[in-house]
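Me: I am new to this structure and would be grateful for guidance in reading it. Could the account proceed one feature at a time?

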Amino acid sequence: MKKVKLKSNRGVTITDVVVAVIILSVFTGVVGNLYYLIAKNNNLIKYNTVAVYNAIKIAEDIDKISYDEVTEDLNTNIKDRYNIPEGFSAQVKVVKYSDEDSTKQDIIKRVNITIKYKFLKEDKTYNLEKLKIKEIEFIFDFFFFCHFNLK
């Protein structure tokens with residue numbers, strides 16, 4: 001009588017298929033999750049870049065204008081003036097140091113620029129604070145006058 005082997009080496013068993021499917025699904029889940037996190041962080045960096053760019057653009061414009069023009073009125077039409085994209089909002093808050101302490105002269109303003117945006121149902125905020133110092137032109141004029149007229 002001939003012996004019959006119960007286990008054959010000619011094919012794939014259901015156990016091999018189940019193990020392969022489990023390994024494939026775990027690998028796919030890990031790779032998919034990593035891909036999602038990379039894409040999310042990449043888009044968050046892009047949004048942050050736009051917020052920083054717009055805040056710096058406003059700050060540079062504040063450097064160009066005179067001390068007396070730096071007021072809360074900068075908030076009017078701020079979105080159109082600086083071409084701030086949809087989904088972003090900008091606000092400028094101006095505080096004089098002389099308002100905090102009446103003994104100080106009105107020569108310094110603290111300007112707080114806030115850019116707000118929404119990313120994946122989360123409110124994000126970027127703040128930039130700078131000082132605007134009153135331009136003192138008479139010192140140069142006085143030096144120039146003294147230097148050339150005293151000789």
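The dialogue below takes up the overall layout, the sheet, the salt bridges and one lysine.

Me: What should be known before any value is read?

Reply: This is a predicted model, in which local features need pLDDT of at least 70 and side-chain atom pairs count only at pLDDT 80 or more, while totals for chains, interfaces and linings use all residues. Residues are numbered from 1 along each chain as its sequence is written, and side-chain values use heavy atoms, with hydrogens and water left out.

Me: How many helices and strands does the chain have, and in what order do the elements run?

Reply: Helices (H or I, at least four residues) and strands (E, at least two) are DSSP runs, numbered from the N terminus. The chain has four helices and three strands. Starting at the N terminus, the order of elements is α-α-β-α-β-β-α.

Me: How are the strands of the sheet ordered?

Reply: Strands of a sheet pair through backbone hydrogen bonds, either parallel or antiparallel. Two strands are taken to pair if DSSP finds at least two bridges between them. Here an open sheet of three strands follows the order S1-S2-S3, with antiparallel pairing. Strand S1 (88-96) and S3 are the edge strands, each pairing on one side only. From one strand to the next, the twist averages 20°. Nine bridges join S1 and strand S2 (residues 108-119) in the antiparallel sense; Val94 has Val111 in S2 as its bridge partner.

Me: Which helix lies across the strands?

Reply: Two conventions are required. Contact means heavy atoms within 4.5 Å; axes are lines fitted to C-alpha atoms, for helices over the stretch in contact, and angles run from 0 to 180 degrees between N-to-C directions. Helix H1 (residues 14-64) lies across S1, S2 and S3, and runs at about 155° to S2.

Me: How many salt bridges are found, and where is Arg110 placed?

Reply: A salt bridge is a side-chain nitrogen of Lys or Arg within 4 Å of a carboxyl oxygen of Asp or Glu. The whole structure contains four salt bridges. One of them joins Arg110 and Glu129, with the closest N and O atoms 3.9 Å apart. This pair links distant parts of the chain, since Arg110 is in strand S2 and Glu129 in strand S3, 19 residues apart. Also among them are Asp123 with Lys118, at 3.3 Å between the closest N and O atoms, and Glu122 with Lys124, at 3.4 Å from N to O.

Me: Is Glu129 buried or exposed?

Reply: Buried means under 20% relative accessible area, exposed over 50%, and partly exposed in between (1.4 Å probe, protein chains only). Glu129 has a relative accessible area of 51% and is therefore exposed, whereas its partner Arg110 is partly exposed at 24%. Asp123 and Lys118 are exposed. Glu122 is partly exposed at 41%, and Lys124 is partly exposed at 23%. Of the 151 residues of the chain, 19% count as buried.

Me: Why does Lys132 count as buried, and what does Lys132 touch?

Reply: Lys132 counts as buried because its relative accessibility is 4%. Lys132 belongs to strand S3 (residues 122-133). Not counting residues up to four places away in sequence, Lys132 touches several residues, including Ile62, Tyr67, Val70, Ile107 and Val111. A polar contact is a pair of N or O atoms within 3.5 Å; within protein, one must be able to donate a hydrogen and the other to accept it, and residues adjacent in sequence count only if both atoms are side-chain atoms. A polar atom of the Lys132 side chain lies 2.8 Å from the backbone oxygen of Ile65.
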